[in-house]
Structure formats: structure tokens, C-alpha cells
Amino acid sequence: MSAASPPLYAVVLSLTNLLLVAYMAVYHLVSNFYLETQIDQFERLFGPARSVRLSTTFNVAFPVGGFIASVPVAALLQSAEKHEHVYFSVALVFSNIFSFLSLLPSEAAQVGAALLFGPVRCLTWACYFQFLATETRYPPTISARAMGYNNVIIAVAGAVGPYLLAHAVSLSGATEGG
């Protein structure tokens, strides 16, 4: 006979799960903000003609890069299956490299960010779902509900966050010509 599963609230409110959700919410916010504003950022930095070229690069690199990254990401997750700190460290490093590049005003940095976006998104979400599949942390009897609650929080932060950030910027007077 197996031990009883912990209650759902204990799993969802555990420090590990709260840190996981916080990391994913921030990552989702950053990536959605980039998705929604990249063409505007490119236009401000490089003008209309170059911004179209950069945006086209992003629009191709995002799905292709994510697809190509799925093979090494799967290999990483298989080899580090029991070592969450390893695969999440890789995701953290690459998501920070992407974020740093996206903040730099050079065209080379923006191309780098555009090329990294798809693979980083693939890696980060794959790590998240791999972690949720850990039965010792998320027993099968409650894992789907825990994932559902986590995903709602992550989605709200990622979907509402960019609009709140844009609104805060517009209130601060940091608009075009301001």
C-alpha cells in the first residue's frame, strides 16, 4: 500500500512550487513583452527598413529555432532527469542571455535575441513540464490540478503583465518624445 498523497494546497503552496511559478511567471512576462513589443523596439532603434528585416528574422527564427532546439532539449532532460538543478540552471542561463541581449541597443544583439527566443522558450517550458512530472513532488492524483493552478497564475502574469508595464511607462511620461 502506498503512502497517502499530500493535500493539493500543501503541494501548490510549497516553497518549491511557489518558486517554480514565480520563475515561470517572470519568464512568461518577459517573453510576452518581447513578443508584443519587438517590432516597435526595432523601429525605434533601427528605423522602419531595418526593423522589418529584424522582425522577419525573428518571425522565422522563433518557430524554426524552437523546433530545432527540441532535440537537444529532450537529450538534456533525459540525461539530467533526476537533477532538476542542472536543467533549470541551463534554462536560467539561456533565458538571462536572451533577456540581456534584448536590452542592448545594437543590431547584432537584437539578432542574437531573435535567434535565441525560440530555443529558450522551448527549453524553459520543457524544463517546467519535466519538473511537474516529478511524482515525488507532484503525486499523480493531484498533478493535473496543481499544473492547472500553476498555469493560470503564469498565464495571468504573462498576459496581463505587458499591458500593465506599458501602462506604467505611459504614465511615467517615457513615451515618444517624452
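Student: Which side chains meet Glu107 in a salt bridge at 2.3 Å, N to O?

Tutor: Good place to start, with the reminder that this is a predicted model. Side chains of opposite charge can pair when their charged atoms come close. Here the partner is Arg53, whose side chain meets that of Glu107 at 2.3 Å, N to O. Arg53 lies in helix α2 and Glu107 in helix α4, so this pair ties together parts that are 54 residues apart in sequence.

Student: What network of salt bridges includes Glu107?

Tutor: Arg50, Arg53 and Glu107 are linked in a network of salt bridges. Glu107 forms a salt bridge with Arg50 too, and the closest N and O atoms of that pair are 2.4 Å apart. Arg50 belongs to helix α2 and Glu107 to helix α4, so the contact joins parts 57 residues apart in sequence.

Student: How do I read accessibility for these three residues: is Glu107 buried or exposed?

Tutor: The cut-off for buried is under 20% relative accessible area. Glu107 has 19%, so it counts as buried. Arg50, with 36%, is partly exposed, and Arg53, with 49%, is also partly exposed.

Student: How many salt bridges does a search of the whole structure find?

Tutor: It finds three. Besides the two described for Glu107, there is one in which the side chains of Glu84 and Arg137 meet at 3.6 Å, N to O. That pair links distant parts of the chain, with Glu84 in helix α3 and Arg137 in the loop between α4 and α5, 53 residues apart. Glu84 is buried at 14% relative accessible area, while Arg137 is partly exposed at 32%.

Student: Let's turn to rings. How many aromatic pairs are there in the whole structure?

Tutor: The search gives 14. To read one, check the distance between ring centres and then the angle between planes; under 30 degrees counts as stacked. Take Tyr34 and Phe117: their ring centres are 5.5 Å apart and their planes stand at 25 degrees, so the pair is stacked. Tyr34 sits in helix α2 and Phe117 in helix α4 (residues 107–132), so the pair ties together parts that are 83 residues apart in sequence. Both residues are buried.

Student: And how far apart are the ring centres of Phe58 and Phe62?

Tutor: Those centres are 5.6 Å apart, and with the planes at 20 degrees the pair is stacked. The setting is a single helix: Phe58 and Phe62 are four residues apart in α2, which means they are separated by about one helical turn. Phe58 is buried, with 2% relative accessible area, whereas Phe62 is partly exposed at 26%.

Student: Which residues form one aromatic cluster?

Tutor: Tyr23, Tyr87, Phe88, Phe131 and Tyr138 form one.

Student: What about cysteines: how many disulfides does the structure hold?

Tutor: Zero. The test is a distance between sulfurs, with a cut-off of 2.5 Å. The sulfur of Cys122 is 9.0 Å from the closest cysteine sulfur, that of Cys127, so the two are too far apart for a bond. Cys122 is partly exposed, with a relative accessible area of 21%, while Cys127 is buried at 0%.

Student: Now pockets. What is the volume of the second largest pocket?

Tutor: About 250 Å³. Of the 13 residues that line this pocket, the closest to its centre are Phe33, Gln41, Ser99, Ser102 and Leu103. A good next step is to ask which elements supply the lining. Helices α2 (15–79) and α3 (84–103) each supply at least two residues, and the largest share, six residues, comes from α2.

Student: How do the lining residues of that second largest pocket divide by chemical type?

Tutor: The lining has nine nonpolar residues, four polar and no charged.

Student: One last residue: which helix holds His167?

Tutor: His167 lies in helix α5, residues 143–172. At 45% relative accessibility, His167 counts as partly exposed. You can also compare sequence separation with distance in space: His167 and Trp125 are 42 residues apart in sequence and 27 Å apart in space, C-alpha to C-alpha.

Notes
Residues are numbered from 1 along each chain as its sequence is written. This is a predicted model: local features need pLDDT of at least 70, side-chain atom pairs count only at pLDDT 80 or more; totals for chains, interfaces and linings use all residues. Side-chain values use heavy atoms; hydrogens and water are left out. On a 1 Å grid over the protein atoms alone, a cavity is a set of points where a 1.4 Å probe fits but cannot get out, and a pocket is an open set with protein on both sides within 12 Å along at least five of seven lines; lining residues have an atom within 4 Å of a point. Grid points are joined across faces, edges and corners, and a volume is the space filled by probe spheres set on the points. Ala, Val, Leu, Ile, Met, Phe, Trp, Tyr, Cys and Pro count as nonpolar, Asp, Glu, Lys and Arg as charged, and the others, Gly among them, as polar. Rings of Phe, Tyr and Trp (its six-membered ring) pair if their centres lie within 6.5 Å; planes under 30 degrees apart count as stacked, over 60 as edge-to-face and the rest as tilted. Buried means under 20% relative accessible area, exposed over 50%, partly exposed in between (1.4 Å probe, protein chains only). A salt bridge is a side-chain nitrogen of Lys or Arg within 4 Å of a carboxyl oxygen of Asp or Glu.
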